[in-house]
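Visitor: I'd like to learn how to read a fold from a model like this one. Can you take me through it feature by feature?

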Amino acid sequence: MRSLRVCNVMIYFMARGERLTRKQVFGNKGNPVYAIWPIGKMWSAAVHNGDAWQPVTNSPATDERAAYDCVMEHFYKSH
C-alpha cells in the first residue's frame, strides 16, 4: 500500500485484497480519507466522510491515474 498526503487529505493506493486499519480511516483528525483500489482491470475510488465510505465516481476508472484524478477533482469541488 502506498499513501500520499495532499492538503491534510490522506489518499491510499491499495493493492488487490488490502484493507485499511481503523487508525488509517479514523486517524486523520476529521480530514478526508480517500482510497483507490483495483476492481478487475478497472480502478475504484471512495472517500470516508467520518461515518461511511462514499463512492467518488459513478463508474470505475480505466486506470489508477484516472482514479487519482477523480479523487483530486472530488476534493477540490468539496473544499
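Visitor: Which strands does helix α2 lie across?

Guide: This is a predicted model, so take what follows as a reading of that prediction. Helix α2, residues 64–78, lies across β1, β2, β3 and β4. Against β3 (33–39) the helix runs at about 155°.

Visitor: And the sheet underneath the discussion: in what order do its strands come?

Guide: General idea to start with: strands of a sheet pair through backbone hydrogen bonds, either parallel or antiparallel. Here five strands make an open sheet, ordered β1-β2-β3-β4-β5, with mixed pairing. The edges belong to β1 (2–6) and β5 (53–55); each has a single partner strand, so one side of each lacks a neighbour in the sheet. From one strand to the next, the twist averages 25°.

Visitor: How do I see the mixed pairing strand by strand? Which way do β1 and β2 run?

Guide: β1 and β2 (residues 9–13) run antiparallel, joined by five bridges. Arg2 has Phe13 as its bridge partner in β2, and Val6 is partnered by Val9. The two strands form a hairpin with two residues between them, and Cys7 in that turn has a positive phi of about 50°. Now move on to β3: four bridges join β2 to β3, and these two run parallel. Phe13 turns up again here, standing opposite Ile36 in β3.

Visitor: Is β2 mostly covered or mostly open?

Guide: Start from the general pattern: in a regular strand the side chains alternate between the two faces of the sheet. In β2, both faces are covered: Val9, Ile11 and Phe13 are buried on one side, Met10 and Tyr12 on the other. That gives five buried residues out of five.

Visitor: What about the nonpolar packing? How many residues does the largest core have?

Guide: The largest nonpolar core has 16 residues, and those with the most contacts inside it are Ile11, Tyr34, Ile36, Tyr68, Val71 and Met72. β2, β3, β4 and α2 each supply at least two residues of this core, with α2 giving the most, five residues. Take Met72 as an example: leaving aside neighbours within four places in sequence, Met72 is in contact with Val6 and Ile11. Apart from that core lies another, of seven residues, including Tyr12, Met14, Leu20 and Ala35.

Visitor: I spotted cysteines too. Why is Cys7 not bonded to Cys70?

Guide: A disulfide is a covalent bond between the sulfur atoms of two cysteines. For Cys7, the closest cysteine sulfur is the one in Cys70, and at 18 Å that is too far for a bond. The disulfide count is therefore zero, given a cut-off of 2.5 Å between sulfurs. Cys7 is exposed, at 55% relative accessibility, while Cys70 is partly exposed, with a relative accessible area of 22%.

Visitor: One last residue, then. Is His48 buried or exposed?

Guide: His48 is buried, because its relative accessible area is 7% and the cut-off for buried is under 20%. This histidine lies in strand β4, residues 42–48. Not counting residues up to four places away in sequence, His48 touches Val25, Phe26, Pro32, Val33 and Trp53. Look for a polar partner as well: the backbone nitrogen of Gly50 lies 3.1 Å from a polar atom of the His48 side chain.

Terms used: Residues are numbered from 1 along each chain as its sequence is written. This is a predicted model: local features need pLDDT of at least 70, side-chain atom pairs count only at pLDDT 80 or more; totals for chains, interfaces and linings use all residues. Side-chain values use heavy atoms; hydrogens and water are left out. Buried means under 20% relative accessible area, exposed over 50%, partly exposed in between (1.4 Å probe, protein chains only). A polar contact is a pair of N or O atoms within 3.5 Å; within protein, one must be able to donate a hydrogen and the other to accept it, and residues adjacent in sequence count only if both atoms are side-chain atoms. Contact means heavy atoms within 4.5 Å. Two strands pair if DSSP finds at least two bridges between them. Axes are lines fitted to C-alpha atoms, for helices over the stretch in contact, and angles run from 0 to 180 degrees between N-to-C directions. A nonpolar core is a set of buried Ala, Val, Leu, Ile, Met, Phe, Trp, Tyr and Cys residues joined through side-chain atoms within 4.5 Å.
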